[in-house]
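Reader: Please take one part of this model and look at it closely, then follow its connections outward. A plain account of the backbone and its surroundings will do.

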Amino acid sequence: MGIHVLYEYRTGKKAKDLLTRDYITDQKFSVSTVSATGVALTSTATKKGGFSTGDVGAVYKYNNILFDVKVDTESKIATTLTFTELVPSTKTIASFKLPDFNSGKLDIQYFHSHASLTSAVTLTQTPAFDFSATIGTPTFVIGAEAGYEPSSGRLTKYIAGISVNKPDSSASIILGDKGDTIKASYIHHLDESKRTAAVGEITRRFSLNENTFTVGGSYAVDGLTVVKAKLNNHGKLGAVLQHEIIPKSLVTVSSELETNALDKTPKFGLALALKP
C-alpha cells in the first residue's frame, strides 16, 4: 500500500490525474538521457506567456540513496536526498534549495501492509510540522492529514477522507481546506489497459456557496494515441491529444476554451518530451 494510497485518498488521485494531467497552456520541451554511469539527465525549457525558463536535472542512485539535483536559469539549486530502509519499512527524504537557506525540509515515511504514517518538518528557525496517516486495505482506505505551526499555536491545515477502490473503478470523498471544501469523485476504467475511462467530480466550497461539477474522459485511439476532454458547469472546456512518436517519447497538444465567453481567445499548450 504505502504513501501512494495516502495521496489517492487525499486528493482522489486517479480522478484528479485524468482531469488535470497534460492539460497545459504553455510550451515545454524536455530531453532525458541516461549516462553510462547510471546518471539520469533531464534538460527542460518552458515558455509561459512572455517568460522563458529552463533547468537541468540529474538523478543518481547509489545503494539505498537517491540523489536528485536540479539547477535552473535563475541559478537556483534544488537538491533532494532520499534514503530507503535506513530503518526497516521507512523512507527518509531531505530537501533544500539554494540560495534559500530557509527551504530545508525533512520527511519521514513509514509503510505497513495496512497502514502508512508520514511526518514532515521545515528546517527553519520557526519550524512547521505536517502529519498524516492512512489505514485500510487495497479496496478501502481512510486517512487524515494535519499541519501545525508551533510559533503561532495554530493548525495550518487539516484534511480527512475515504477512498473505495475496485479493479476497474475508484471513488473518493475528501473534506479539505479546514472543512471549507468537500469533494467527491468517481472514475471508471473502460478497458483492461486503463487508458480509456470516464470521470466525474463535484466540489462544494461552503464559504463561497459555490458548487463545481466536472465531467471528463480519456479514449485510447490506438496503442500510441490518447485523447482526453473535460467540461465543468462554469463552461470551461479542455481537450488533450497525446501521441507517442517513438518509444517513451511523447508530443502533447492541449487547448482550453471558455464556452460561456466565446469572444475570449482560447488557450493552447504544446509539450515535447524526448527520451532517446
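Author: Asp-22 lies in the loop between helix α2 (13-20) and strand β1 (27-34), where helices are DSSP runs of H or I of at least four residues and strands are runs of E of at least two, numbered from the N terminus. The model is predicted, so local features need pLDDT of at least 70 and side-chain atom pairs pLDDT 80 or more, while totals for chains, interfaces and linings use all residues. Residues are numbered from 1 along each chain as its sequence is written, and side-chain values use heavy atoms, without hydrogens or water.

The phi of Asp-22 is positive, near 75°, and the residue is not a glycine. Most residues other than glycine have a negative phi, and most peptide bonds are trans. Asp-22 counts as partly exposed because its relative accessible area is 24%; with a 1.4 Å probe and protein chains only, buried is under 20%, exposed over 50%, and partly exposed in between.

Ser-89 can be set beside Asp-22. Its phi is also positive, near 70°, again in a residue other than glycine. Ser-89 lies in the loop between β5 (77-84) and β6, and at 30% relative accessible area it is partly exposed. A cis peptide bond, with omega about 10°, joins Leu-98 and Pro-99; Pro-99 is in the loop between β6 (90-98) and β7 (105-112).

To return to the first region, the charged end of Lys-230 sits over the ring of Tyr-23, 4.3 Å from the ring centre (the rule asks for Lys NZ or Arg CZ within 6 Å of the centre and within 35 degrees of the normal).

Helix α2 also helps to line the largest pocket: α2, β13, β16 (225-232) and β17 (236-246) each supply at least two lining residues. The space in that pocket is about 510 Å³. Of its 22 lining residues, the closest to the centre are Arg-21, Lys-194, Arg-195, Val-226 and Lys-228. On a 1 Å grid over the protein atoms alone, a pocket is an open set of points with protein on both sides within 12 Å along at least five of seven lines, a cavity is a set where a 1.4 Å probe fits but cannot get out, and lining residues have an atom within 4 Å of a point. Grid points join across faces, edges and corners, and the volume is that filled by probe spheres on them. By class, the pocket lining has seven nonpolar, six polar and nine charged residues, with Asp, Glu, Lys and Arg as charged, Ala, Val, Leu, Ile, Met, Phe, Trp, Tyr, Cys and Pro as nonpolar, and the others, Gly among them, as polar.

The largest cavity also draws on α2, which supplies at least two lining residues, as do β12 and β13. One cavity of 30 Å³ or more is found in a search of the whole structure, and the volume of the largest cavity is about 40 Å³. Ten residues line it: Gly-12, Lys-14, Ala-15, Ser-170 and Ser-172 lie nearest the centre. Three of the lining residues are nonpolar, four polar and three charged.

Strand β13 contributes to both the pocket and the cavity. β13 (residues 181-189) runs antiparallel to β12 (residues 169-176), with eight bridges joining them; two strands pair if DSSP finds at least two bridges. Gly-176 has Thr-181 of β13 as its bridge partner. Four residues lie between the strands of this hairpin, and Asp-177 there has a positive phi near 50°. Strand β14 (residues 197-205) is joined to β13 by nine bridges, again antiparallel, and His-188 is bridged to Ala-198 in β14. Tyr-186 is also in β13 and, because its relative accessible area is 42%, is partly exposed. The C-alpha atoms of Tyr-186 and Thr-25 are 26 Å apart, with their positions 161 residues apart along the chain.

Two further hairpins can be compared with that of β12 and β13. Strands β9 (residues 129-136) and β10 (residues 140-149) pair antiparallel over eight bridges, and three residues separate them in their hairpin. In this pairing Phe-129 stands opposite Tyr-148. β10 then pairs antiparallel with β11 (residues 154-166) over 10 bridges, one of them between Ala-144 and Ala-160. The hairpin of β10 and β11 has four residues between the strands, and Gly-153 in the turn has a positive phi of about 70°.
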